[in-house]
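Reader: I have a structure open and some questions about its loops and helices. Can we go through them one by one?

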Amino acid sequence: MIVLLLVLPLLSALVMLVWPRIAPLLALASAGVCSILAVQLLLLVNAQGSQTLLLAGWPVGLAIRWQADGLSALLILLTAVLQLLVGFYAFATRKRDSLAQAFWPLSGLLQLGLTALWLSRDLFNLYVCLELLGLVAVALVSLAGDKAIKPALNYLLLSLFGSLCYLLGVAILYGGYGMLDIDSLAISWQADWLSTSALLLMSLGLMLKAAIWPLHAWLPQAHGAAPAPVSALLSALVVKGPLFILCLLWLQLASSQQALAIAPLFAGCGLAALLVGGWSALRTPFAKNLVAYSTVAQLGYAMLALGLLLQFNQPLFFAALWLFVLAHALAKAASFLAIGELSATLGGKRLMVIKGASQTMPLAMFAFAVAGGSLIGLPPSGGFLAKWAMLQGLWLQGGQLLWLLAILVASLLSAAYVFRVVVLAFDRADPVAPDFSPQLIPQWLALLPALAVWAMALFSEPLLLMLQQEGL
């Protein structure tokens with residue numbers, strides 16, 4: 001299953017380049033089969049434990065090691081399902097939005113890069129996955145045409161700089177230890193200036209690629225300029241890849257002294273992201289930029305959870321971190337698809353075009369509001385589950401009133417920018433033209449991930465137990 005999950009998107013992308021006419025159907029079929037395989041892999045991991053594959057049968061130390069644990073299997077399933085859903089949306093709107101044919105093979109390569117990243121436990125192979133993701137993401141952003149050239153170029157240059165920082169750190173570790181397998185490195189790890197320098201360089205590159213404050217300036221322009229299906233994939237999935245590697249570095253490699261030293265920095269960056277991202281989302285006049293700034297803010301929760309995890313070593317913070325990732329991925333996919341549908345149908349990029357959308361396009365507006373409820377953290381959404389896990393962890397550590405206050409302020413900011421859109425949508429609209437007929441299928445597709453993030457409450461207990469066990 002591990003091999004098929006990697007080979008299938010690659011082969012389908014290559015076939016799409018040769019026969020572009022069948023590209024949409026082949027992309028949807030590939031994502032559908034990968035979704036089924038991902039479910040089977042998750043069930044297998046839950047029943048038998050982590051699955052490890054050494055590429056080409058080489059021994060440990062020489063082989064590239066792929067490992068499917070509970071978290072990796074969950075992220076692979078999330079990737080495949082969102083690829084399928086966004087693919088259906090792109091197929092339903094392809095004629096109206098004139099989506100370039102290159103979207104389909106690029107989306108297949110994006111799925112390949114993400115799946116390989118979730119599985120990889122080799123630092124150089126993770127670099128290869130990062131490069132593939134970065135190049136494909138830039139190409140996807142550029143599909144929007146001339147208006148996206150500058151944001152795509154900024155994204156490319158900053159992504160390359162982040163990759164160079166990461167690669168330099170990898171080179172330092174290879175020079176010092178002669179190996180790049182994470183488990184093997186962890187056995188020989190020494191908390192000296194060499195390993196610390198490598199960790200800091202790699203973390204700088206990863207934070208830039210994940211758009212963590214203060215290295216986030218490229219994200220709103222790139223995600224705001226991209227086509228709606230591309231924005232949904234980038235915000236829901238791509239920015240989580242560097243965050244995953246950052247967790248591998250500091251949870252599996254770094255010593256306890258190194259982790260304790262970096263914890264306040266990560267938590268501080270998370271808190272600043274919550275405040276700066278939320279405030280920027282509240283002030284921007286553009287609809288897609290509001291959702292993009294919301295991504296910056298919501299990633300702050302994950303960084304805050306990572307900082308608290310490194311400081312207190314509490315499994316609840318590990319569960320909170322990845323619950324935030326899962327909930328944010330579903331909510332942000334719904335938000336970008338809903339806003340994209342509203343902007344494309346009502347004809348404008350500014351928030352003012354949404355005026356009266358509760359009357360003209362109630363389904364799309366409902367999808368955004370439902371997804372926004374999770375971003376705020378309203379119960380029993382996935383966002384609430386993540387915040388509840390974090391609050392439980394803080395309570396067990398003696399309250400930590402400063403962080404509790406920060407989470408409250410961040411939640412209020414999230415509520416402010418979500419209700420900014422909702423209030424505008426309930427304002428009176430001008431009479432619509434008699435031939436006004438928005439498409440229903442894309443609106444339903446935007447609603448599905450919004451409903452899914454609330455359905456996470458039905459699986460809250462097994463999710464929490466599984467993620468806490470992964471964090472032990």
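Reader: In which loop is Asn313 placed?

Author: This is a predicted model. Helix H14 covers 287-312 and helix H15 covers 315-346. Asn313 has its place in the loop between H14 and H15.

Reader: Is Asn313 buried or exposed?

Author: Exposed means over 50% relative accessible area. Asn313 has 63%, so Asn313 counts as exposed.

Reader: What is the phi of Asn313?

Author: Asn313 is a residue other than glycine. Its phi is positive all the same. The value is near 55°.

Reader: Ala211 also has a positive phi. Is Ala211 buried or exposed?

Author: Ala211 lies in the loop between H9 and H10. Its phi is about 60°, although Ala211 is not a glycine. Buried means under 20% relative accessible area. Ala211 has 1%, so it counts as buried.

Reader: Which residue does a cis peptide bond join to Pro214?

Author: Pro214 lies in the loop between helix H9 (193-209) and helix H10 (218-225). Omega of the cis bond is about 5°. The partner of Pro214 is Trp213.

Reader: What is omega for the peptide bond from Pro379 to Pro380?

Author: Pro380 is found in the loop between helix H17 (362-376) and helix H18 (382-396). The bond from Pro379 to Pro380 is cis. Its omega is near 0°.

Reader: How do the directions of H3 and H11 compare, roughly parallel or roughly antiparallel?

Author: Helix H3 (residues 70-92) and helix H11 (residues 228-238) pack with their axes 9 Å apart. The angle is about 170°. Angles over 145 degrees count as roughly antiparallel. That makes H3 and H11 roughly antiparallel.

Reader: How many charged residues does the contact of H3 with H11 have?

Author: On the H3 side, the contact includes Leu78, Leu82 and Val86. On the H11 side, Ala232, Leu233 and Leu237 are among the residues met. By class, the contact has 11 nonpolar and two polar residues, and the number of charged ones is no more than none: no charged residues.

Reader: Why does the span of H12 agree with its number of residues?

Author: Helix H12 has 14 residues, 240-253. At 1.5 Å a residue, H12 should span 20 Å. The end C-alpha atoms agree with that, being apart by 19 Å.

Reader: How many residues of H12 are buried?

Author: H12 is mostly covered. Phe244, Ile245 and Trp250 are among its buried residues. Of the 14 residues in H12, the buried ones number 12.

Methods
Residues are numbered from 1 along each chain as its sequence is written. This is a predicted model: local features need pLDDT of at least 70, side-chain atom pairs count only at pLDDT 80 or more; totals for chains, interfaces and linings use all residues. Side-chain values use heavy atoms; hydrogens and water are left out. Helices (H or I, at least four residues) and strands (E, at least two) are DSSP runs, numbered from the N terminus. The expected span of a helix is 1.5 Å times one less than its number of residues. Buried means under 20% relative accessible area, exposed over 50%, partly exposed in between (1.4 Å probe, protein chains only). Axes are lines fitted to C-alpha atoms, for helices over the stretch in contact, and angles run from 0 to 180 degrees between N-to-C directions. Angles under 35 degrees count as roughly parallel, over 145 as roughly antiparallel, 65 to 115 as roughly perpendicular and the rest as oblique. Contact means heavy atoms within 4.5 Å. Ala, Val, Leu, Ile, Met, Phe, Trp, Tyr, Cys and Pro count as nonpolar, Asp, Glu, Lys and Arg as charged, and the others, Gly among them, as polar.
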